[in-house]
Amino acid sequence: MQILLVEDDHALASALKEALHKQGYSANVVGTGEAAIYVIQTDPPDIVILDLGLPDIDGINVLKRVRQKHIDTPVLLLTARSQLDDKIIGLDSGADDYLAKPFEMTELFARLRVLTRRLNTSGTAKITVGDVCLDINANSVALSGEELELSRREYMLLKSLMEHVGRVQTRHTLESRLYSWGEEVASNALEVHIHHLRKKLGTEFIQTIRGVGYKVSQP
Ligand code: CA
């Protein structure tokens with residue numbers, strides 16, 4: 001998940017970038033509206049976090065210009081100004097959500113999860129983690145561009161892990177994915193499927209969190 005952070009406050013930008021990395025997001029930072037518009041067009045991120053108060057173009061106008069170009073990348077506005085007006089103008093201009101500064105990181109992450117879920121149910125449903133790309137619409141997985149043969153259970157497990165990149169999925173959660181296919185599942189079924197996935201994806205891709213479960217992380 002690639003995030004473009006548009007924020008001219010260097011201290012805040014680097015703190016946010018680090019926090020996003022720890023959550024498994026990959027984040028690039030730009031400090032001006034012009035740079036934001038350029039990057040959104042040339043190297044489209046999955047989500048934009050856009051500060052309203054920028055040194056060159058107001059965040060609202062950045063947003064308007066992006067939407068005029070029919071680019072529908074989800075945008076989360078950050079506003080230092082607490083006036084309701086800004087929020088309404090922002091949402092009218094095509095923002096998907098907003099957060100008033102100061103905010104808690106946990107609040108930001110919660111909003112990002114909502115936007116991510118929305119992404120995953122829309123037309124552009126691809127999750128990329130390292131060399132692995134999972135296409136939710138096509139139910140397919142590719143490693144370095146080569147499509148892999150996965151069983152339905154392997155696919156469901158991998159999808160669950162990749163949708164929650166950077167976060168541990170407990171054994172219980174993952175097993176419930178297997179059970180949801182309506183068959184009896186042997187006690188070691190999860191390990192067996194993970195073993196098969198590792199053969200196909202390489203041993204490093206899925207990490208074991210001993211006594212808890214498994215996770216995948218952005219490299
Ligand atoms: Ca600012």
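Here are some numbered notes on this predicted model, from the overall chain down to single residues.

1. Let's start with the whole chain. The protein chain has 219 residues, and buried residues make up 43% of them. Its secondary structure comes to eight helices and 12 strands. The C-alpha trace spans about 60 × 30 × 30 Å along its principal axes. If you look at contacts between residues at least 6 apart in sequence, 58% of them join residues at least 24 apart.

2. The calcium ion is a good place to zoom in. Which protein residues are its donors? They are D8 and D51, each through OD, and G53 through O, at 2.1 to 2.4 Å from the ion. Along the chain, these donors follow the spacing D-x42-D-x1-G.

3. Two of those donors can be set side by side for exposure. D51 has 4% relative accessibility, so this residue counts as buried, the limit being under 20%. G53 has 37% relative accessibility, and because that value falls between 20% and 50%, G53 counts as partly exposed.

4. Next, the nonpolar interior. The largest nonpolar core has 23 residues, and those with the most contacts inside it are L134, L158, M162, F205, I206 and V216. Two or more residues of this core come from each of β6 (126-129), β7 (132-135), α6 and α8 (189-201). Helix α6 gives the largest share, six residues. Apart from this core lies another one, of 20 residues, with I37, V48, L52 and V75 among them.

5. L158 is worth a click in your viewer, as one of the residues with the most contacts inside the largest core. Which residues does L158 contact, leaving aside neighbours within four places in sequence? The partners are V132, L134, V141, L150, L197, L201 and F205.

6. I194 is another residue to look at, and its place is in helix α8. Is I194 buried or exposed? I194 is buried, because its relative accessible area is 1%, and the limit is under 20%. Not counting residues up to four places away in sequence, I194 touches L161, I206 and Y214. For a sense of distance, I194 and A100 are 94 residues apart in sequence, and their C-alpha atoms are 42 Å apart in space.

7. Now for the open spaces. The second largest pocket holds about 270 Å³ of space. Its lining has 14 residues, of which R113, T116, E163, H164 and R167 are the closest to the pocket centre. The elements giving two or more residues to this lining are α5 (105-121) and α6 (152-163). Helix α5 supplies the largest share, five residues. By type, the lining of the second largest pocket divides into six nonpolar, four polar and four charged residues.

8. Last, the enclosed space. How many cavities of 30 Å³ or more are there? The count comes to one, and the largest cavity holds about 30 Å³ of space. Its lining consists of Q2, I3, L4, N28, V39, D43 and P45. Strand β1 (residues 2-6) gives the most to this lining, with three residues. Sorted by type, the residues lining the largest cavity are four nonpolar, two polar and one charged.

Definitions and conventions
Residues numbered from 1 in each chain as written. Predicted model: local features only at pLDDT ≥ 70, side-chain atom pairs only at ≥ 80, totals over all residues. Heavy atoms only, no water. Donors = N, O, S within 2.8 Å, 3.2 Å for Na, K, Ca; no water. Buried < 20%, exposed > 50% of the residue type's maximum accessible area, 1.4 Å probe, protein only. 1 Å grid on protein atoms, 1.4 Å probe; cavity = no way out; pocket = protein on both sides within 12 Å on 5 of 7 lines; lining within 4 Å. Points joined across faces, edges and corners; volume = space filled by probe spheres on them. Helix = DSSP H or I, 4+ residues; strand = E, 2+ residues; numbered from the N terminus. Nonpolar A, V, L, I, M, F, W, Y, C, P; charged D, E, K, R; others polar. Core = buried A, V, L, I, M, F, W, Y, C linked by side-chain atoms within 4.5 Å. Contact = heavy atoms within 4.5 Å.
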